[in-house]
Number of protein chains: 4
Amino acid sequence: MIHFDNDYTEGAHEKILSRLLETNNIQMPGYGLDDYSEKARNLIKKATKKEDIDVHFLVGGTQTNLTVIAASLRPYEGVVTADSGHIHTLETGAIEAIGHKLLLLPNRDGKITAAQVQKLCDDYWSNKANMHKVQPGMVYLSNPTETGTLYSKAELIAFHKVCKDYDMKLFIDGARLGYGLVAETNDLTLEDLAQLTDVFYFGGTKLGALFGEAVIISNPEIKKGFLALTKQKGGLLAKGRTLGVQFEVLFENQFYLELSHHAVKQAMKLKNTFEALNLSLKYEAYTNQLFPIIPNKILDKLQEKYVFLKMEQEDKDHTLVRICTSWATTDENVKALTDDLYQLMRE
Amino acid sequence: MIHFDNDYTEGAHEKILSRLLETNNIQMPGYGLDDYSEKARNLIKKATKKEDIDVHFLVGGTQTNLTVIAASLRPYEGVVTADSGHIHTLETGAIEAIGHKLLLLPNRDGKITAAQVQKLCDDYWSNKANMHKVQPGMVYLSNPTETGTLYSKAELIAFHKVCKDYDMKLFIDGARLGYGLVAETNDLTLEDLAQLTDVFYFGGTKLGALFGEAVIISNPEIKKGFLALTKQKGGLLAKGRTLGVQFEVLFENQFYLELSHHAVKQAMKLKNTFEALNLSLKYEAYTNQLFPIIPNKILDKLQEKYVFLKMEQEDKDHTLVRICTSWATTDENVKALTDDLYQLMRE
Amino acid sequence: MIHFDNDYTEGAHEKILSRLLETNNIQMPGYGLDDYSEKARNLIKKATKKEDIDVHFLVGGTQTNLTVIAASLRPYEGVVTADSGHIHTLETGAIEAIGHKLLLLPNRDGKITAAQVQKLCDDYWSNKANMHKVQPGMVYLSNPTETGTLYSKAELIAFHKVCKDYDMKLFIDGARLGYGLVAETNDLTLEDLAQLTDVFYFGGTKLGALFGEAVIISNPEIKKGFLALTKQKGGLLAKGRTLGVQFEVLFENQFYLELSHHAVKQAMKLKNTFEALNLSLKYEAYTNQLFPIIPNKILDKLQEKYVFLKMEQEDKDHTLVRICTSWATTDENVKALTDDLYQLMRE
Amino acid sequence: MIHFDNDYTEGAHEKILSRLLETNNIQMPGYGLDDYSEKARNLIKKATKKEDIDVHFLVGGTQTNLTVIAASLRPYEGVVTADSGHIHTLETGAIEAIGHKLLLLPNRDGKITAAQVQKLCDDYWSNKANMHKVQPGMVYLSNPTETGTLYSKAELIAFHKVCKDYDMKLFIDGARLGYGLVAETNDLTLEDLAQLTDVFYFGGTKLGALFGEAVIISNPEIKKGFLALTKQKGGLLAKGRTLGVQFEVLFENQFYLELSHHAVKQAMKLKNTFEALNLSLKYEAYTNQLFPIIPNKILDKLQEKYVFLKMEQEDKDHTLVRICTSWATTDENVKALTDDLYQLMRE
């Protein structure tokens with residue numbers, strides 16, 4: 001079977017594995033105090049053009065989300081998020097498990113707006129009985145979102161403003177950030193993200209690493225005790241070198257851009273195919289995720305050979321599926337799927 | 001500098017890295033549903049001669065401890081542990097952070113006894129006002145302990161009994177279990193551990209893997225929901241294959257035994273040297289950890305070339321240090337340290 | 001100002017205060033081990049016609065909700081609730097603060113259905129990737145609901161069934177239960193509640209007591225350690241006698257029914273007035289809560305003399321308000337409001 | 001049986017119950033927004049001679065401890081406490097249940113010293129690997145301590161200093177504070193406590209109230225969100241008036257001093273008796289608690305008529321017991337016990 005269901009079906013880019021091999025026998029201290037982690041942190045500071053950030057490497061996304069949120073909030077505060085947000089839908093209550101309520105806003109194509117946040121805050125602060133409600137303490141966005149849509153710089157500036165106005169922190173989950181940064185419609189840079197957020201992270205797991213998320217913290221309150229907190233939450237890797245080496249490779253000469261471009265190029269080829277065949281996409285698609293609506297008959301045939309992620313029944317004859325490309329998606333597999341689509345639609 | 005301060009200063013055994021490379025491009029589902037994880041689980045079932053166990057692979061030790069304990073206890077229950085236990089001394093309050101109090105027993109050479117546990121339970125259950133106290137719900141042991149000492153099979157049987165008598169779970173942290181299993185004085189097997197505990201784990205991080213702990217659960221109550229809980233606590237690796245591949249290598253033809261033997265052999269060479277030089281060891285040493293008491297003058301010289309873990313001042317002229325060997329410790333480094341010790345002691 | 005905004009604006013029924021005075025100097029052990037608590041527990045067992053229940057007295061509603069839920073769930077489980085449920089809307093994230101996610105169902109007039117719960121469970125258990133989701137572990141209902149509506153016996157039987165089918169606990173928040181039991185349309189008894197739920201509570205705070213909620217537990221798993229858990233969560237009153245005395249008075253000769261009847265009678269008088277004046281009520285009203293939709297002009301006048309709870313703008317000219325009666329509502333105040341309503345509507 | 005086992009065996013002082021009766025029918029808003037609570041807050045501000053404090057009324061001691069600590073610490077911080085501290089020994093892991101580890105110091109007669117705290121902090125901050133340890137974030141003292149001993153003003157100034165030096169909060173549990181303030185050896189005032197601590201509380205439960213602890217917060221960080229947090233933790237009483245009325249009575253004309261003097265006078269009579277009979281007291285006793293060491297033969301006889309709290313076997317023939325007086329201890333009971341002691345010792 002050929003997997004298009006997600007962007008973590010392969011191991012790591014060969015360059016990363018090779019570097020792990022090369023450095024394997026050099027003795028290093030643990031817990032992120034090794035030279036590779038130090039170099040990777042410096043490369044990331046350079047990439048964000050910001051020296052006064054703290055950079056930490058964690059293993060996975062849920063772990064990162066819960067550690068960052070624990071570091072950011074006081075116990076009576078909650079997290080404002082789209083109701084499609086990963087922390088709400090697919091993390092088994094990880095945020096609630098550390099004691100924080102999610103304050104849900106209805107999403108539109110996976111996105112929320114600063115105006116929605118503003119209204120929520122106005123309602124909260126104008127309510128005299130607000131001791132019975134959870135105080136909004138942070139806004140959580142993911143970029144790209146769960147449905148592959150993107151926030152613009154103007155939108156991020158608006159979120160930044162509403163967060164300052166109501167003394168909230170702004171946090172961006174960048175599990176697929178690399179794929180967003182190379183999208184045709186993107187106007188955000190790592191520099192912008194470091195300036196406009198209190199904390200964000202750049203995902204390696206879906207972008208050529210075996211695992212790893214780089215957390216970039218601008219807000220001094222969140223920096224405080226972050227390493228201890230990571231340890232407490234079970235996220236501090238003994239052989240931190242393994243994270244350091246991987247992010248060193250990803251940020252050397254902006255190698256992550258090369259990987260990102262590859263994935264998005266493959267996705268755009270498939271997008272062209274869907275459009276050419278008049279198969280509509282549910283959401284704007286400029287990153288590595290496509291959400292085509294596929295006739296069930298076609299889908300049944302395709303599934304003999306390909307794995308997709310079924311999202312939901314669109315109507316009785318059509319299904320919404322997710323198709324992911326990645327740094328590892330081969331020309332061969334894209335061509336096969338393209339050919340099969342043409343073939344099946346023609347029949 | 002030559003590191004003897006811990007057993008995670010190198011990457012992974014080359015055989016593990018090679019296997020990661022070989023399998024790298026094969027597409028696999030995430031979250032432990034891949035073929036490698038399945039094979040590794042089966043190898044471990046075979047090694048424990050027990051079919052009705054659940055095997056889960058987690059990334060690190062603190063993460064494993066907190067997930068297992070969360071899976072095992074009700075909120076009013078606490079964990080009985082030696083006051084030298086890793087969960088008390090070196091995990092930044094990870095267990096308290098998930099809501100459970102540690103019930104400390106004074107250790108002797110890193111160990112506690114079933115009789116101590118029995119007394120604690122008797123006191124608790126005979127106290128009418130016990131609603132003001134935390135109920136003992138689990139006994140946590142590590143084997144080897146923090147100081148490299150070992151529990152015997154007879155001791156484990158006694159712990160098993162007291163746990164049954166008071167309806168508690170028995171959990172063994174085996175972060176260095178491999179090194180214990182090959183100790184000259186050891187009489188425990190993986191089979192015994194699976195029979196006598198409710199849950200234990202076998203550490204890969206310190207035994208040739210990049211990272212990874214294999215959790216082996218016998219108690220059905222702990223099995224329930226364990227995967228979901230792992231996800232909630234941030235411990236479910238997206239590319240679970242990375243764990244599967246590593247444990248497959250470690251348990252194929254009992255490769256972990258080969259690695260363990262190597263480390264312990266190196267440690268025993270150094271032990272012989274210390275004994276020959278009349279440098280006493282604080283604790284019985286049959287695994288990969290030695291705790292020699294070294295004259296400060298000698299230590300100062302050694303530290304120009306070697307890194308040890310300083311434990312504490314033994315008296316004004318002597319220091320207790322920890323020396324670790326591992327699967328990666330070279331003959332060359334052991335010889336160098338041996339020679340230098342002889343040289344310095346002779347002067 | 002005359003308060004109709006809630007049902008806890010006065011102290012306690014005089015009979016309760018008198019009994020506190022009478023028993024005041026008799027020495028008693030603390031923490032619920034006093035004679036009054038014992039008598040009250042027995043009266044409640046009699047009222048529910050069930051001997052094998054545990055009865056605990058807690059101080060307040062949020063405290064009770066969080067303690068019961070902590071006692072009932074494992075960490076990966078969540079609570080199914082109406083999105084209008086008190087634990088979601090007005091408890092400052094108390095349930096999330098103890099680690100559990102709420103699984104929200106859209107309410108209709110404050111109620112949900114067993115069919116909705118069934119669908120949620122079907123979706124959860126048919127999803128292979130359910131380790132990324134919180135497992136439904138309990139259904140939380142309040143009766144009367146937040147909007148004063150009531151569940152029927154048939155509805156409760158259906159909830160009971162779906163909970164058994166999916167191994168979930170059924171919990172009823174009865175903060176205003178007394179007022180529900182005397183409603184004209186009610187067909188539930190305390191006996192039914194003890195039979196059909198795993199745990200429920202009977203509220204004293206809103207029904208003549210200074211404070212106090214009586215928790216009635218049928219499920220042995222929830223009984224276990226409940227007292228210790230109450231202490232841990234800060235809900236175990238040192239002078240437990242104060243709770244015992246109050247519930248003894250309330251359940252002696254079913255005194256709570258007398259108080260409940262009084263409140264509901266007063267509410268029905270006001271309901272008749274609203275109906276006579278063609279002022280519509282948003283929700284069916286048979287307990288002590290009314291939710292009339294009042295023209296803003298009238299409301300402005302009324303608010304010079306009365307306090308109501310404003311719920312929301314119904315349209316630009318009308319406002320939805322809550323009016324509560326209670327055991328303490330005087331004929332005089334009801335008459336005053338009735339007269340003023342007639343007067344103002346006539347103008 | 002005559003109870004001397006604790007100081008909460010009666011209800012409330014009659015003056016408090018009378019005031020509850022008098023104010024009973026006056027309608028008031030809930031949750032501490034009533035007039036009585038406002039008056040009580042003002043009386044306490046006057047008593048501490050500090051205007052910029054926040055005063056909150058909570059129901060019980062454990063609830064207060066956990067709410068204050070939750071309000072004060074970040075998740076990676078712990079609480080420094082004597083190993084005899086109430087939060088460690090008698091609160092069923094309440095502090096761990098909200099995620100914080102206790103950092104235990106060995107007590108001497110129930111007390112710890114600023115020098116001990118200083119050493120703990122020095123060790124923590126000089127340790128490069130401190131991300132594996134819980135950071136000291138607060139010092140918790142109780143005054144009087146669990147064994148009835150008292151801190152002097154000089155000692156409190158030293159704690160204040162070490163807390164400032166290491167950026168920690170200082171919290172005093174004053175569950176029996178009133179009894180301490182009137183002790184012959186006491187040199188602390190409410191004014192001192194408000195100046196030298198970040199937060200402390202004054203206990204009503206043991207001093208004539210049905211229940212209630214007044215939390216006095218000086219530190220702005222702890223003030224923030226305290227009411228919301230109280231609600232979240234289940235400690236916000238709907239009929240807050242019940243707390244307001246009680247503390248109004250206690251602080252009107254410093255009525256609490258009158259109650260305290262009474263209790264301590266009764267204790268000192270018994271102390272004189274023990275001394276006259278050469279029965280030694282384990283700890284210095286100047287408040288309402290005595291810890292005599294009583295020959296078992298005498299104790300057996302006494303226990304036919306009196307209830308004491310047995311602490312531990314002192315040796316095979318003697319037992320350490322706790323004897324409490326309170327605002328409610330009658331001359332008659334003190335005389336009876338005195339006479340019986342003389343009688344039995346003479347035999």
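In the predicted model, chain C superposes on chain B with an RMSD of 0.0 Å after a turn of 180 degrees and a shift of 0.0 Å along the axis. The two chains are therefore related by a two-fold axis. Within chain C, the C-alpha nearest this axis belongs to C:R74, at 3.7 Å from it.

The contact between these two copies involves 21 residues of chain C and 20 residues of chain B. Of the interface residues of chain C, 95% are interface residues in chain B as well, so the copies meet through the same surface. About 1900 Å² is buried between chain C and chain B, and carbon and sulfur atoms account for 59% of it. On the side of chain C, the residues that lose the most area to chain B are C:R74, C:Y76 and C:M131, which together make up 34% of what that side buries. C:R74 is thus both the residue whose C-alpha is nearest the axis in chain C and one of the three that lose the most area there.

Polar interactions also cross this interface. Between chain C and chain B, 10 residue pairs are in polar contact, with both residues at pLDDT 80 or more. The interface of chain C and chain B contains 2 salt bridges. One of the salt bridges joins the side chains of C:K224 and B:D167, with an N to O distance of 3.9 Å. A salt bridge is counted when a side-chain nitrogen of Lys or Arg is within 4 Å of a carboxyl oxygen of Asp or Glu, so the pair C:K224 and B:D167, at 3.9 Å, meets the cut-off. Three elements of chain C give two or more residues to the side that touches chain B, namely helix 3 (61-72), helix 10 (220-223) and helix 11 (226-232). Helix 11 of chain C gives the most, with 5 residues. The composition of this side of chain C is 12 nonpolar, 4 polar and 5 charged residues.

A further interface is formed by chain B and chain A, with 46 residues taken from chain B and 46 residues from chain A. The area buried between chain B and chain A is about 3900 Å², with 55% of it on carbon and sulfur atoms. In chain B, the greatest losses of area to chain A are those of B:Y8, B:Q27 and B:K239, which together represent 18% of what that side buries. The interface of chain B and chain A has 0 salt bridges, whereas 24 residue pairs there are in polar contact, both residues being at pLDDT 80 or more. The side of chain B that touches chain A receives at least two residues from each of strand 1 (2-3), helix 1 (14-23), helix 3 (61-72), helix 5 (94-97), helix 11 (226-232) and helix 12 (241-251) of chain B. Helix 1 of chain B provides the largest share, 4 residues. By class, this side of chain B comprises 23 nonpolar, 16 polar and 7 charged residues.

Side chains of opposite charge can pair when their charged atoms come close. Over all chains, the whole structure holds 76 salt bridges. In chain A, the side chains of A:K282 and A:E314 form a salt bridge with an N to O distance of 2.9 Å. A:K282 is in the loop between helix 13 (255-276) and strand 9 (289-290) of chain A, and A:E314 is in strand 12 (residues 309-315), so this pair ties together parts that are 32 residues apart in sequence. Both partners are partly exposed, A:K282 with a relative accessible area of 33% and A:E314 at 30%.

Chain D supplies pairs within single helices. D:D123 and D:K119 meet in a salt bridge of 2.7 Å, N to O; both lie in helix 6 (residues 114-126) of chain D, 4 residues apart, or about one turn of the helix. D:D123 is partly exposed, at 42% relative accessible area. In helix 7 (residues 153-165) of chain D, D:K161 and D:D165 are likewise 4 residues apart, and so are separated by about one helical turn. The closest N and O atoms of D:K161 and D:D165 are 2.7 Å apart in their salt bridge. D:K161 counts as partly exposed at 48% relative accessibility, and D:D165 is partly exposed with a relative accessible area of 46%. In chain A, salt bridges with shared partners connect A:R19, A:E22 and A:E252 in one network.

Conventions
Residues are numbered from 1 along each chain as its sequence is written. Chains are lettered from A and ligands numbered from 1 in the order in which they are written. This is a predicted model: local features need pLDDT of at least 70, side-chain atom pairs count only at pLDDT 80 or more; totals for chains, interfaces and linings use all residues. Side-chain values use heavy atoms; hydrogens and water are left out. Copies are superposed by least squares on the C-alpha atoms of residues with pLDDT of at least 70 in both. Contact means heavy atoms within 4.5 Å. Buried area is the accessible area (1.4 Å probe) that two parts lose on being put together, summed over both. A polar contact is a pair of N or O atoms within 3.5 Å; within protein, one must be able to donate a hydrogen and the other to accept it, and residues adjacent in sequence count only if both atoms are side-chain atoms. Ala, Val, Leu, Ile, Met, Phe, Trp, Tyr, Cys and Pro count as nonpolar, Asp, Glu, Lys and Arg as charged, and the others, Gly among them, as polar. Buried means under 20% relative accessible area, exposed over 50%, partly exposed in between (1.4 Å probe, protein chains only).
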